[in-house]
Amino acid sequence: MIIFDGDKKVFKLDTNNTSYVMGVTDEGYLGNIYYGKKIDSTDILYALRIDDLPFTPSKFLGGKIDFMDRFPSEYPFSGTGDFRNTCISIKDSTGQEGLELLYKSHNIYTEKKKLAGMPCARGEKTTSLDIVMSDEAVGAEVVLTYTVYEECDVITRSVVIRNISEKEFYITKALSACLNLETDVSDILSLHGSWARERHIQRSKINYGSYVIESLRGEPGHQDHPFIALLSENCNKDYGDIYAMNLVYSGNFIAAVQKDQFGKIRTSIGINPDRFSWKLESGEQFQIPEVIIQYSHNGIGGMTRNFHDFFRNYLLPSKWVEADRPVLINNWEATYFDFDDNKLVQIAQEASKLGIEMLVMDDGWFGHRNADDSSLGDWYVNEEKIKGGLKNLVDRVNSLGMKFGIWFEPEMISPDSELYRKHPDWALSLSDREPGLCRTQYMLDFSRHEVVDYVYGKLYEILSSANIEYVKWDMNRPIAEAASESLPADRQGEVLHRHVLALYEMQERLVNDFPNILLENCSGGGARFDAGMLYYSPQIWCSDNADPIERLMIQEGTHLIYPLSTTGSHVADCPNHINGRVTPFDTRADVALTGTFGYELDVTKISQEERDQIPAQIAKYKKYRKLVQTGDYYRIASFLENGRYDSYMIVSKDKRHAVLIYVQVVTDSNVLGKKLKLCGLDSEKKYIVDGKKYSGNVLMNVGYIIKIAKGDFKSVVIEIESAE
Ligand code: DGJ
């Protein structure tokens with residue numbers, strides 16, 4: 001519900017459990033007054049403490065800059081006295097940079113508008129608010145849009161900048177939102193890592209000064225994640241205050257926290273202003289990406305479950321949310337580039353006997369690609385490898401009762417490719433300099449429409465040529481030289497954002513032209529696992545590292561925000577190709593169970609004993625698949641924190657079914673059974689666990705004692721069923 005109290009000029013945005021309150025001062029400044037547990041009044045303007053401020057401009061113009069430096073601005077602007085982290089900056093045609101946004105009008109409505117050219121949450125059964133702010137001197141109008149998702153305790157925000165002047169101006173900073181919080185938060189929760197070690201959770205202290213999480217790689221990257229949460233000191237997985245922001249954007253981002261001279265905290269998120277500027281002609285508008293914001297007083301777990309519900313109900317492609325995803329086998333770790341049609345069919349033959357439902361042909365099927373140093377851009381089938389052509393191969397795989405999926409890396413061009421020889425200018429590069437290689441490849445210049453159309457045309461031809469039911473869209477290098485020959489000097493700062501917009505446009509075309517194709521995004525593992533990409537693809541390859549122990553940490557971080565069903569999660573070969581760890585086959589399957597399940601190995605080469613286990617592993621996945629897709633996720637113990645074991649549960653919404661997963665990373669000597677306090681059950685209900693009846697109350701307070709064989713890397717999956 002959104003309330004506007006006209007007397008007090010206060011906006012109150014209520015979800016089931018939270019209130020978000022803004023107020024307009026007599027001068028027209030829009031301030032953030034309160035965000036937290038639901039309150040029952042709009043009479044809180046006093047909390048802005050303007051009456052106590054001797055510097056309020058309407059009272060004493062002589063101290064205006066002091067006011068600007070203290071005011072909890074809802075959408076802070078640069079260059080007129082707010083010396084903290086701001087959200088927006090505009091350079092006008094004279095080269096001057098200074099903005100003062102004042103309230104102009106507002107509108108409350110029920111049909112949420114889609115963001116032009118960008119992913120955003122759907123708005124069924126929601127209420128939205130537009131607040132129009134303007135700076136008449138610059139000729140800039142800014143529309144702040146809020147949508148309230150009541151049952152998820154989520155608010156989304158996005159911004160449009162309009163040029164209402166006669167001349168062009170340049171946007172040099174365009175963040176999506178900030179929150180002004182008091183001193184009752186003290187910690188930061190964020191996600192960090194590297195290739196093969198994505199999204200490990202980090203908790204750190206907020207100190208005076210600024211702390212920044214960012215990407216300048218043209219994608220969110222393996223290293224940092226477009227998410228930030230601020231927590232109260234006592235906040236844990238079960239209780240405490242947490243404020244979170246997750247950006248719906250797949251390019252360079254910045255998330256910052258700043259503790260100012262008064263100990264107040266401002267946190268902001270949006271497009272990274274470094275390497276960004278956008279020329280806006282008179283009459284044009286610029287869309288800033290959406291951000292998903294929430295407050296929970298139910299701790300980190302409360303935030304997680306709100307995010308999961310929100311993603312499932314409003315952001316993931318709805319068609320796929322509850323659809324059964326095929327159990328797939330991908331040939332990457334099985335063969336790398338060394339395969340032909342017969343090898344793939346042999347793998348498919350064996351896999352189909354074991355109950356695997358889809359074969360995915362990964363990198364190396366096109367041009368003359370036999371290593372990672374050629375052919376990107378040459379999207380035609382290499383008939384020396386795939387003899388008889390693609391349709392023939394797909395038909396052979398289909399005749400085994402299996403679906404067929406294919407890999408692409410559409411944003412790239414190899415120097416050794418026909419495409420590059422014909423169009424060297426299609427690679428992003430700085431004038432008079434050789435572009436830098438990464439994985440021996442260049443980035444295509446997606447700010448050029450002819451390039452995007454050409455590549456999409458090639459994809460379209462391949463996807464129309466055979467019964468292809470799945471696409472893995474990869475991106476294996478960051479964007480370094482963001483310069484385009486096709487753009488004038490004053491638009492070079494647009495290249496990276498234009499790349500993201502073109503990527504979105506292509507994925508939109510793909511999912512519209514091929515609505516039955518399941519799209520899985522990927523970026524050298526999980527470098528582009530973000531809310532923007534999840535709008536197009538219901539699952540994303542989580543990491544190149546499928547070692548189950550490393551995956552415990554990667555998946556814990558990923559599932560902090562994103563639903564389990566979004567995580568491409570496979571049983572890989574052993575010893576693990578990346579870290580060499582040897583783990584039991586079953587543990588690999590138990591950890592992959594809580595994602596979209598598949599295999600990343602050569603089924604024709606593993607032992608007969610392992611092959612024999614696969615049908616049971618698939619049956620186990622299918623048994624819990626619906627629960628994993630729709631249930632509530634509870635963390636019990638974190639290996640990242642305790643260094644010994646990991647455990648989590650998924651509980652159905654009606655609390656009748658649950659599954660408990662426990663992985664013993666390091667076995668404990670001389671310890672009598674591990675007692676785990678279960679979570680999320682109904683304390684009034686009776687449950688059967690391992691043939692014994694317990695009350696939910698007992699399981700959650702006294703705990704359940706895990707019986708597990710001695711040894712490192714062992715796992716168990718335990719079914720919990722309501723006895724009634
Ligand atoms: C990176 C992906 O994450 C892998 O799964 C694989 O598809 C390779 N790229 C292929 O080049």
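**Domain 1 against domain 3**

I started with the contacts between these two domains: 5 residues of domain 1 touch 4 residues of domain 3. This is a predicted model, so I read everything below as a property of that model. For the bounds I went by the domain assignment, which puts domain 1 at 74-316, domain 2 at 326-631 and domain 3 at 636-722. I then looked up how far apart the C-alpha centres of domain 1 and domain 3 are, and got 38 Å.

Next I checked the area. About 310 Å² is buried between domain 1 and domain 3, and carbon and sulfur atoms account for 52% of it. Which residues of domain 1 lose the most area to domain 3? I found Ile201, Lys237 and Asp309, which together make up 73% of what the domain 1 side buries.

Asp309 turned up again when I went through the charges. Its side chain meets that of Lys653 in a salt bridge, with N to O at 2.8 Å. Across the interface of domain 1 and domain 3, I have 1 salt bridge on my list. The count of residue pairs in polar contact between the two domains is also short: 1 pair, with both residues at pLDDT 80 or more. I noted which elements give two or more residues to the domain 1 side of this interface, and they are E12 and helix H2 (299-315). By class, that side has 1 nonpolar, 1 polar and 3 charged residues.

**Arg203, in strand E12**

I stayed with E12 and picked Arg203, since this strand covers residues 197-205 and so includes it. Is Arg203 buried, exposed or partly exposed? I read a relative accessible area of 35%, and because buried needs under 20% and exposed over 50%, Arg203 comes out as partly exposed.

I listed its contacts, skipping neighbours within four places in sequence. Arg203 is in contact with Asp187, Ile188, Leu189, Leu231, Ser232, Glu233, Cys235 and Ile300. Two of these caught my eye for their backbone oxygens. A polar atom of the Arg203 side chain lies 3.4 Å from the backbone oxygen of Ser232, and the side chain also reaches the backbone oxygen of Glu233, at 3.4 Å. I also took one long span: Ala121 is 82 residues from Arg203 along the chain, and their C-alpha atoms are 28 Å apart.

**Two threonines in loops**

Thr25 sits in the loop between strand E3 (18-24) and strand E4 (30-37). I expected nothing in particular and read 5% relative accessibility, so Thr25 counts as buried. What does its side chain pair with? I found a polar contact of 2.8 Å to the side chain of Glu27. Leaving out residues up to four places away in sequence, Thr25 touches Leu48, Ile50 and Phe71.

Thr80 is in another loop, between helix H1 (64-68) and strand E5 (88-91). Here the side chain goes to backbone: it reaches the backbone oxygen of Leu99 at 2.7 Å. With residues up to four places away left out, Thr80 touches Ile65, Met68, Gly98, Leu99 and Glu100. Ile65 and Met68 fall within the 64-68 span of H1.

**Helix H11**

My last stop was helix H11, residues 548-559. How many of its residues are buried? I counted 12 of the 12, so the helix is largely enclosed by the rest of the structure. The buried set includes charged residues such as Glu550, Arg551 and Glu556, along with Ile549, Leu552, Met553 and Ile554.

Key. Residues numbered from 1 in each chain as written. Predicted model: local features only at pLDDT ≥ 70, side-chain atom pairs only at ≥ 80, totals over all residues. Heavy atoms only, no water. Helix = DSSP H or I, 4+ residues; strand = E, 2+ residues; numbered from the N terminus. Buried < 20%, exposed > 50% of the residue type's maximum accessible area, 1.4 Å probe, protein only. Contact = heavy atoms within 4.5 Å. Polar contact = N/O pair within 3.5 Å; in protein donor to acceptor, adjacent residues only side chain to side chain. Domains from an automatic or database assignment. Buried area = accessible area lost by both parts, 1.4 Å probe. Salt bridge = Lys/Arg side-chain N within 4 Å of Asp/Glu carboxyl O.
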